[in-house]
Amino acid sequence: MKDFIEGSDAVARAVALCRPGVISAYPITPQTHIVEFLASMVADGKLKSQFINVESEHSAASLVLGASAAGERVFSASSSQGLILMSEVLFNIAGMRMPVVLACVNRALSAPINIWNDQQDSMAVRDSGWIQLYAETGQECGDLIFQAYRLAESPEVRVPVMVCLDGYLLSHGLEVVDVPEAAEVDKFLPPYRPTEKLDPAVPMTFGPLAGPDYYLEIRHDLHAAMRGALKLIPSIAADFSRQFGRNSGGLVEAYRLEDAELAIVAAGSVCGTIKEAIDALRQEGVKAGLLRLVTYRPFPEEAVSAALAGVGRVAVLDKAISLGATGPIYADLATALVRGKHQARVNGYIAGLGGRDITIETIREIFTRLSGEEVSAGFVGLKG
Amino acid sequence: MSVNINSRPGSARNNRTGSWRVDRRPKFLRQNCIACRLCLLVCPEGIITGKAKNSFETDYVYCKGCGLCAAVCPKKDIEMIPEDTETEG
Amino acid sequence: MPEHLLSPGHTACAGCGQALAARLVIDTAGPNTIIVNNTGCLEVFTTAYPESAWEVPFIHSLFENAGAVASGVESALRQTGRLDQIRVIAQAGDGGTADIGLQALSGMWERGHDILSICYDNEAYMNTGIQRSGLTPTYTSTTTSPAGKASAGNPRPKKNVMEIALAHGIPYVASASAGFPMDLQKKVKKALAIRGPKYLHIHVPCPLGWRHEPADTYRVARLAVETGLFPMVEFEGGQQTGAYTLSAPKPVAEYLKLQGRFRHLFKPGAEAALQEIQAIADRNIARYGLVKPA
């Protein structure tokens with residue numbers, strides 16, 4: 001059914017269709033709409049889940065960890081400081097191989113305190129062992145939730161998934177979204193049946209202390225599961241496309257890259273703006289293209305490398321920065337291209353931090369600068 | 001091959017902590033025992049068994065030789081003896 | 001079914017008060033119990049991978065989140081209608097309960113989850129090497145509050161977690177001791193029969209950190225109670241309903257002198273500090289009615 005709704009609503013309706021047994025979150029802007037929608041569904045009896053209000057994001061993440069270990073499908077959501085407060089638990093959830101799904105409504109990090117969008121929060125936890133998917137549209141916000149559960153709960157993966165959506169731009173922006181019927185979702189997403197859970201019938205010990213003789217293998221196993229997800233993500237996206245008749249998710253999306261001489265690599269809602277800029281530039285005879293990262297962790301090196309084959313100049317647009325170094329996507333992309341023996345020139349640009357608007361003009365400026373100075377972390381739109 | 005990250009119940013039994021004992025081990029004299037079960041209750045290893053009077057014993061495979069059982073026995077019917085003493089029976 | 005639900009082969013120090021108390025707790029709770037444990041000695045000495053001493057389902061996540069993880073376990077059981085058959089226990093040491101874990105615990109109590117929370121109080125961060133916690137008693141020498149020429153040890157009084165628990169209006173709050181095993185088991189049984197949040201604070205000597213003989217664990221635990229320094233009390237519905245009463249409280253020195261962590265209090269010049277500790281015991285005795293009027 002098509003409806004004109006916020007990205008937050010699209011996420012909430014998708015989550016409800018996945019029927020998690022336990023939902024827990026702590027209020028933080030701009031994530032709050034998602035859990036408010038879910039809370040009202042529970043209050044109205046439309047969603048039969050335990051909705052638990054907790055006293056911090058640390059506890060929200062811990063609570064869903066416990067519920068997941070006890071065998072339930074779970075959901076949480078956060079943003080910015082909340083995600084960073086959770087970060088200790090995020091590492092733990094991944095290490096314990098709990099298939100938690102969390103929506104990160106991307107927002108800048110303090111200080112200075114800033115409630116507007118960039119992607120510094122999710123990028124700061126990229127090493128936590130969570131799969132990270134970035135939505136471009138309100139439609140994709142919901143669609144990625146279905147795919148996230150399917151992925152996280154796949155026995156060969158068993159890794160938590162973070163669905164990232166840009167604060168306000170997606171979370172509060174209204175779009176026409178096709179919300180599937182419950183029966184369709186049930187066909188796509190089987191019920192969650194963990195092989196092991198906290199159960200007196202088979203009383204396993206979860207979360208043991210592993211010393212130097214074991215830790216390395218356990219970490220390697222998590223890494224291998226993440227790498228294995230690189231194969232599963234496209235097949236789940238293909239299944240999704242077959243069943244729902246639209247493309248969402250996957251590793252990367254190539255936009256007008258076939259003959260492109262210049263390309264931007266980016267993730268999230270900014271890709272919509274980039275596509276518009278590219279269409280305009282193409283009209284002017286500039287062979288520009290976009291590589292949109294849907295999956296950022298695990299990093300799809302081969303897909304990225306293949307998609308950019310033949311592109312002479314690549315600009316990476318990061319809405320985050322590893323301060324004192326480069327944007328995180330830039331660093332990963334540069335590594336992938338070196339490993340892929342690309343000859344492309346790769347520049348890194350930082351834009352949109354703390355909600356600074358990224359317009360078509362900003363994108364044009366990046367394409368222009370791509371022909372100029374070599375930079376790894378060139379700020380775009382700095383005043384004076 | 002994926003690693004099982006959870007542990008089997010009670011598998012710590014593989015760890016024979018009796019090797020920790022340095023110089024003393026408890027000897028259940030079985031003379032004045034009143035079956036009060038205090039030794040069984042306070043043993044930090046949970047390895048003392050017995051029901052009737054003068055039937056209690058410990059498991060030297062795990063006994064760390066802390067001496068709590070001997071210390072709590074109201075009848076002084078458990079004695080800490082040197083580790084190299086031969087066991088009777 | 002195994003004899004005990006905490007198996008031997010764990011790596012607690014000889015004479016560990018926490019090991020004996022934890023076994024009494026789980027043996028009383030029975031096999032249909034899920035344990036959620038904060039990081040600390042108990043978790044470390046029972047779950048060295050790939051082995052575990054637990055015969056019941058057990059989960060450890062982090063140092064401070066047992067309250068929240070247990071809330072999640074309980075919510076999952078509630079969602080699937082299994083909360084009638086399975087009990088949930090959230091347990092931690094004194095640091096995990098009273099310091100770093102207090103927020104999650106407070107949230108758990110406030111939300112009314114059907115969980116028994118247990119503090120195994122050995123009065124310092126023993127797992128990391130005997131550092132001072134919020135439950136370290138006055139004038140205790142620890143590695144981060146050492147007694148020295150300019151210090152008599154930890155200058156602050158022990159935080160009263162039972163009173164904090166009571167402030168949440170939870171139905172059952174009690175204290176117990178490794179020195180009173182049958183009383184401890186009785187309280188666990190009673191607590192688990194009550195629906196809603198319960199809190200049990202258990203005093204557990206640590207031979208290594210308190211510097212007493214391993215064989216003295218029971219004696220030391222009993223003396224803490226018999227001097228009035230560790231009151232064993234019970235609250236139901238917010239009202240005190242029980243106390244382990246003393247016919248004649250023993251002087252605190254009897255308890256303190258067995259332990260190396262208080263050795264500095266028996267040197268010349270420490271008389272005032274010793275008197276202050278006696279005053280703490282006297283206040284406990286008065287506050288909780290530990291000596292029945294003749």
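**Chain A and its contact with chain C**

Strand β9 of chain A (residues 205-206) runs parallel to β2(C), the two being paired through 2 bridges; strands count as paired when DSSP finds at least two bridges between them. Within β2(C), Phe58(C) is the bridge partner of Thr205(A). Helices here are DSSP runs of H or I with at least four residues, strands are runs of E with at least two, and both are numbered from the N terminus.

The model is a predicted one, so to speak of local features takes a pLDDT of at least 70 and side-chain atom pairs count only at 80 or more, while totals for chains, interfaces and linings use all residues. Residues are numbered from 1 along each chain as written, and chains are lettered from A in the order in which they are written.

As for the wider contact, 37 residues come from chain C and 35 from chain A, with a contact meaning C-beta atoms, placed from the backbone, within 7 Å. On the chain C side, β1 (33-37), β2 (58-60), α3 (66-79) and α5 (102-111) each put in at least two residues. The largest share, 11 residues, belongs to α3(C). That side of chain C splits into 21 nonpolar, 13 polar and 3 charged residues; nonpolar covers Ala, Val, Leu, Ile, Met, Phe, Trp, Tyr, Cys and Pro, charged covers Asp, Glu, Lys and Arg, and the others, Gly among them, are polar.

Turning to chain A itself, there are 12 helices and 16 strands. Its C-alpha atoms fit a box of roughly 65 × 55 × 45 Å along the principal axes. Among contacts in chain A between residues at least 6 apart in sequence, 80% link residues at least 24 apart.

Conventions. Contact = placed C-beta atoms within 7 Å.
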